[in-house]
Amino acid sequence: MIGNMLTKIRKEKGMTKTELSALTGINIGHLTHIEKGERNPSHKALRKLCKALDVPYQQLMYTYDKSVSEEQAKYGVVNYIPYNKVLAVDNINKLIDCPSNVHSASIAIKVIDDSMKNTFPKNSYVFVEFNSPLNNKDFGTFSYNNEILIRKFTIKKDIITLKADNPEYNDIIVNHNDPFYIIGKIIK
C-alpha cells in the first residue's frame, strides 16, 4: 500500500520519478519497484521520499506494512487515506490499558454518542489502527464533512456507505467529491 500512496502523492505533486530520484538520491529502478509494491522502502529512504514530497513521515509510516486487496483497490482505498492530515485531539484525559491482543492500536477513542449503541456503547472506548484500509463491513473511524464518526463501512456496487447501529441516525452515502477520509480501522 505504501507504494500506491507514494505514487498518488508524487502524481498529485506533479513530480516525475526522475525528479524524485534526483531529490532523494534513490535509483529510478528502485523507485519503480517501490511504487509497484514489489519492495518497501527502508525507513531512511521513506524519510527522504517524504521530505522530497513535502509530506509528514508518520502518516505514511502507518501504511508501511499494509497491503491492498482487490476489493480495496476497486473502490480506490488509496484516495481515502489521508497522507497530509493528522487527527486533532482537543482533550486527553487519561491513558488506558491496551489489551495485549490489540497490538496494532494507534489510539483509543471514547465513543461520545449512541450512533453505534449495539456494537460500541456510549462512553466505551474503541481501539483504532491508523490509516488501515477497510474491507466491506469493517468498523472504522472516519472524517466526513469535518466530523469524526464511528460507523460500519460497507461497499455495494462501488458505493461506500457508513452505517450506524442506531436507526435514529441516517446512513451516509459517500460521494467521490465529499470531504471523506478513513482515519483507521477499529480493531476492538
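Buried here means under 20% relative accessible area. Phe-120 has a relative accessible area of 10%, so Phe-120 counts as buried. Keep that cut-off in mind, as it comes back several times below. One thing to know up front: this is a predicted model. Here's a quick tour of its aromatic rings, its pockets and a handful of residues worth finding on screen.

**Aromatic rings**

- Searching the whole structure turns up six aromatic pairs.
- One of them joins Tyr-75 and Phe-153 in a tilted arrangement, with 5.2 Å centre to centre and 50° between the planes.
- That pair ties together distant parts of the chain: Tyr-75 belongs to helix α6 (residues 70–75), while Phe-153 belongs to strand β4 (residues 147–156), 78 residues apart.
- Both Tyr-75 and Phe-153 are buried.
- Phe-120 and Phe-139 make another pair, this time edge-to-face, at 5.2 Å centre to centre and with 85° between the planes.
- Here too, distant parts of the chain are linked: Phe-120 sits in the loop between β1 (107–110) and β2 (125–130), and Phe-139 in strand β3 (residues 138–144), 19 residues apart.
- Zooming out a little, Tyr-75, Tyr-80, Phe-142, Phe-153 and Phe-180 make up one aromatic cluster.
- There's also a charge to look for: Arg-47 lies over the face of Tyr-57, 3.9 Å from the ring centre.

**Phe-180, a member of the cluster**

- You'll find Phe-180 in strand β7.
- With 2% relative accessibility, Phe-180 is buried, because buried means under 20%.
- If you want a sense of distance, Phe-180 and Lys-44 are 136 residues apart in sequence and 31 Å apart in space, C-alpha to C-alpha.

**Cysteines**

- How many disulfides does the count come to? The count comes to zero.
- Cys-50 is buried, at 2% relative accessibility.
- Cys-98, on the other hand, is partly exposed, with a relative accessible area of 42%. That label fits because 42% lies between the 20% limit for buried and the 50% limit for exposed.

**The largest pocket**

- Rolling a probe the size of a water molecule over the atoms shows where empty space is left.
- The largest pocket holds about 960 Å³ of space.
- Its lining is made of 30 residues, and Val-89, Asn-91, Ala-108, Ile-109 and Lys-110 lie nearest the centre of the pocket.
- Strands β1, β2 and β4 each give at least two residues to the lining of the largest pocket.
- Which element gives the largest share of that lining? That's β4, with five residues.
- Sorted by class, the lining of the largest pocket has 19 nonpolar, four polar and seven charged residues.

**The second largest pocket**

- The second largest pocket has a volume of about 320 Å³.
- It is lined by 16 residues, and the closest to its centre are Pro-82, Lys-85, Val-86, Leu-87 and Ile-183.
- Both α5 (57–61) and β7 (180–186) supply at least two residues of the lining of the second largest pocket.
- Its lining breaks down by class into ten nonpolar, five polar and one charged residues.

**Gln-72, in helix α6**

- Gln-72 has its place in helix α6.
- Is Gln-72 buried or exposed? Gln-72 is buried, with a relative accessible area of 4%.
- Gln-72 and Asn-135 are 63 residues apart in sequence, yet 6.6 Å apart in space, C-alpha to C-alpha.

**Backbone angles to check**

- Most residues other than glycine have a negative phi.
- Asp-54 isn't a glycine, but it has a positive phi of about 60°.
- Look for Asp-54 in the loop between α4 (43–53) and α5.
- Asp-54 is exposed, since its relative accessible area of 63% is over 50%.
- Lys-137 isn't a glycine either, and it has a positive phi of about 75°.
- Lys-137 is in the loop between β2 and β3.
- Lys-137 counts as exposed too, because its relative accessible area of 55% is over 50%.

Terms used
Residues are numbered from 1 along each chain as its sequence is written. This is a predicted model: local features need pLDDT of at least 70, side-chain atom pairs count only at pLDDT 80 or more; totals for chains, interfaces and linings use all residues. Side-chain values use heavy atoms; hydrogens and water are left out. Rings of Phe, Tyr and Trp (its six-membered ring) pair if their centres lie within 6.5 Å; planes under 30 degrees apart count as stacked, over 60 as edge-to-face and the rest as tilted. Helices (H or I, at least four residues) and strands (E, at least two) are DSSP runs, numbered from the N terminus. Buried means under 20% relative accessible area, exposed over 50%, partly exposed in between (1.4 Å probe, protein chains only). A charge sits over a ring if NZ of Lys or CZ of Arg is within 6 Å of the ring centre and within 35 degrees of the ring normal. A disulfide is a pair of cysteine sulfur atoms within 2.5 Å. On a 1 Å grid over the protein atoms alone, a cavity is a set of points where a 1.4 Å probe fits but cannot get out, and a pocket is an open set with protein on both sides within 12 Å along at least five of seven lines; lining residues have an atom within 4 Å of a point. Grid points are joined across faces, edges and corners, and a volume is the space filled by probe spheres set on the points. Ala, Val, Leu, Ile, Met, Phe, Trp, Tyr, Cys and Pro count as nonpolar, Asp, Glu, Lys and Arg as charged, and the others, Gly among them, as polar.
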